[in-house]
Structure formats: structure tokens, C-alpha cells
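Could you walk me through this model in the viewer, one selection at a time? I would like to know what to click on next and what I will find there.

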Amino acid sequence: MSDSQDDASHWVKVLGGDAASFGVLFDRHGDRVFRHAMYQLGNREDAEDAVASAFLELWRRRSRVRVSNGSILPWLLVTTTNLSRNLSRARRRYRELLTRLPRESQSPDDTEELVRRRLDAQHDLSVAAPALARLSATDRALLTLTTVEELPIADVAVALGISEGAARVRLHRVKSRLRDQVSAARNEVDS
């Protein structure tokens, strides 16, 4: 019996709820998945996170996982690639956010301006948070996935089960509504 056939037989047991067989698959492929993640990410800690996430996804999505030619390894490597891309994008966005943050200044004038901007941002957030909570689940997901997660609107539309055109119209309306609510709240504070 080849290794790939062993994967298939262990996978059948995993589907039956056998955690020991899942452990066998982890022992068999964990190192290879780690090497793949290291190649993708170039950082040991990130690679360990990617491996843990890949096996978590394997367990979580086990009813939908397909064994390819008797082996679970292709699914694990594709999943690790996708998770590594997501991790890299998140790290890049975090670094970009850090570069956009205002720098601390020693000048009193700059400090006053910085405090004013932070108070404005806190006020905008306090107005926007309840408005976000009032959105439908679809509109909230549409807004956060496209603006916070920076996913393409076409991908988000597919994930939400709506057409791309409908997604664009809904997103435009949601942004306009939020912008109007924040602007109205600012005007109340300024008057």
C-alpha cells in the first residue's frame, strides 16, 4: 500500500470523527506543509501560523475537502498557499497603515493639531459605529470586505451571492448614507 493510499484510508476515518487519523495526517504532512509555508512567507513564525491555520481549515472544512489521487497533500498545499497570501496581504496592509499614521511631534502647534484630528476621528467613529450596526448583514459585509479587507468587489459579490452590479449600487448607497450621517453629526458638533 502506498503512502497516498494510506492518506485516503486515514481520511475516511477522519470523516468518521477519528482524531487519531487526523494526527497521523498531521505527522505525515506537517513538515512538508511547513517547508511550503516557509517558501511562501520567508518567516518562521508566520510559517508556523500558516501551518496551524491550514490544518485547522482541514479539520473545519473536512466534509468539503477532496482527496486528490489518494492524497490530502495537494489540498493542504493549496490551502497553505492561499493562507500565506492572506497573511502576507494582512502584514503589508498593517505596515502601510503604520506608515500613514501621524508622527509624534515636539512642536506644541503640531500636538494641538494631532489631538484635534484624533478627537475628530474618535467622534466620526462614535457616529459611524451605530450606523454600521444598523446596516443589513449583507451591506455590512459588502462594506467591510471591500474597504477594510480591500477585496475586489467582484469577489465579494460572488461570496455574498449578488451580482457585481448590485454590489456596486449597494456599496455606493451605503457609503453615501454613512458619509451623510457622519457629516450631519459633525455639523451638530460645530454649531
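Here is a tour that starts with the whole chain and then moves from helix to helix.

**The whole chain**

Begin with everything selected, and keep in mind that this is a predicted model. Colour the protein chain by confidence: the average pLDDT is 82, and 87% of the residues score at least 70. The lowest mean, 70, belongs to helix H5 (residues 108-134), while helix H3 (residues 44-60) has the highest, at 93. A word of care for the weaker stretches: where pLDDT is low, the predicted coordinates should not be read in detail.

Now switch to a cartoon view. You will see eight helices and zero strands in the protein chain, so the pattern along the sequence reads α-α-α-α-α-α-α-α. Of the 191 residues, 29% count as buried. Contacts between residues 24 or more positions apart make up 57% of those with a separation of 6 or more. If you turn on the surface, the accessible area is about 12700 Å², and carbon and sulfur atoms hold 53% of that.

**Stop 1: Val-12 in H1**

Select Val-12, which sits in helix H1 (residues 3-15). Is Val-12 buried or exposed? Val-12 is exposed, because its relative accessible area is 59%, and the cut-off for exposed is over 50%. Add Val-67 to the selection: the two residues are 55 apart along the chain, and their C-alpha atoms are separated by 9.8 Å.

**Stop 2: the bent helix H2**

Next, select residues 19-41, which form helix H2. How far apart are the end C-alpha atoms of this helix of 23 residues? They are only 29 Å apart, short of the 33 Å that a straight helix would reach at 1.5 Å a residue. Centre the view on His-29, where H2 bends by about 50°. His-29 is itself one of the buried residues of H2, and others to pick out include Phe-22, Leu-25, Val-33, Phe-34 and Leu-41.

Look at both ends of this helix as well. At its start, a side-chain oxygen of Asp-18 comes within 3.1 Å of the backbone nitrogen of Ala-20. After H2 comes Gly-42, with a positive phi near 70°.

**Stop 3: Glu-57 in H3**

Move on to Glu-57 in helix H3. Glu-57 is buried, because its relative accessible area is 16%, and buried means under 20%. Show the side chains here: that of Glu-57 makes a polar contact with the side chain of Arg-60, at 2.7 Å. Setting aside neighbours within four places in sequence, Glu-57 is in contact with Arg-62, Trp-75 and Thr-79.

**Stop 4: the loop between H3 and H4**

Two residues are worth a click in the loop between H3 and H4. Asn-69 lies in this loop and has a positive phi of about 50° although it is not a glycine. For context, most residues other than glycine have a negative phi. Asn-69 is exposed, with a relative accessible area of 73%.

Ser-71 belongs to the loop between H3 and helix H4 (73-100) too. Is Ser-71 buried or exposed? At 13% relative accessibility, Ser-71 counts as buried. Which side chain does the Ser-71 side chain meet in a polar contact? The partner is Asp-7, and the distance is 3.2 Å.

**Stop 5: Leu-87 in H4**

Now select Leu-87, in helix H4. Leu-87 is buried, with a relative accessible area of 17%. Beyond its neighbours within four places in sequence, Leu-87 is in contact with Leu-41 and Asp-46. You have met Leu-41 already, among the buried residues of H2. Leu-87 and Leu-41 are 46 residues apart in sequence, and 8.4 Å separates them C-alpha to C-alpha.

**Stop 6: Leu-178 in H8**

Finish at Leu-178 in helix H8 (residues 164-190). Leu-178 is buried, with a relative accessible area of 14%. Leaving out neighbours within four places in sequence, Leu-178 is in contact with Ala-131, Leu-132 and Leu-143. Then add Ala-128: this residue and Leu-178 are 50 residues apart along the chain, with 6.6 Å between their C-alpha atoms. While you are here, recall that helix H5 (residues 108-134) has the lowest mean confidence, 70.

Methods: Residues numbered from 1 in each chain as written. Predicted model: local features only at pLDDT ≥ 70, side-chain atom pairs only at ≥ 80, totals over all residues. Heavy atoms only, no water. pLDDT = per-residue confidence, 0-100. Helix = DSSP H or I, 4+ residues; strand = E, 2+ residues; numbered from the N terminus. Buried < 20%, exposed > 50% of the residue type's maximum accessible area, 1.4 Å probe, protein only. Contact = heavy atoms within 4.5 Å. Areas by Shrake-Rupley, 256 points an atom, 1.4 Å probe, with all protein chains shown as cover. Expected span 1.5 Å × (residues − 1). Bend = angle between axes of the 7 residues up to and from the residue. Polar contact = N/O pair within 3.5 Å; in protein donor to acceptor, adjacent residues only side chain to side chain.
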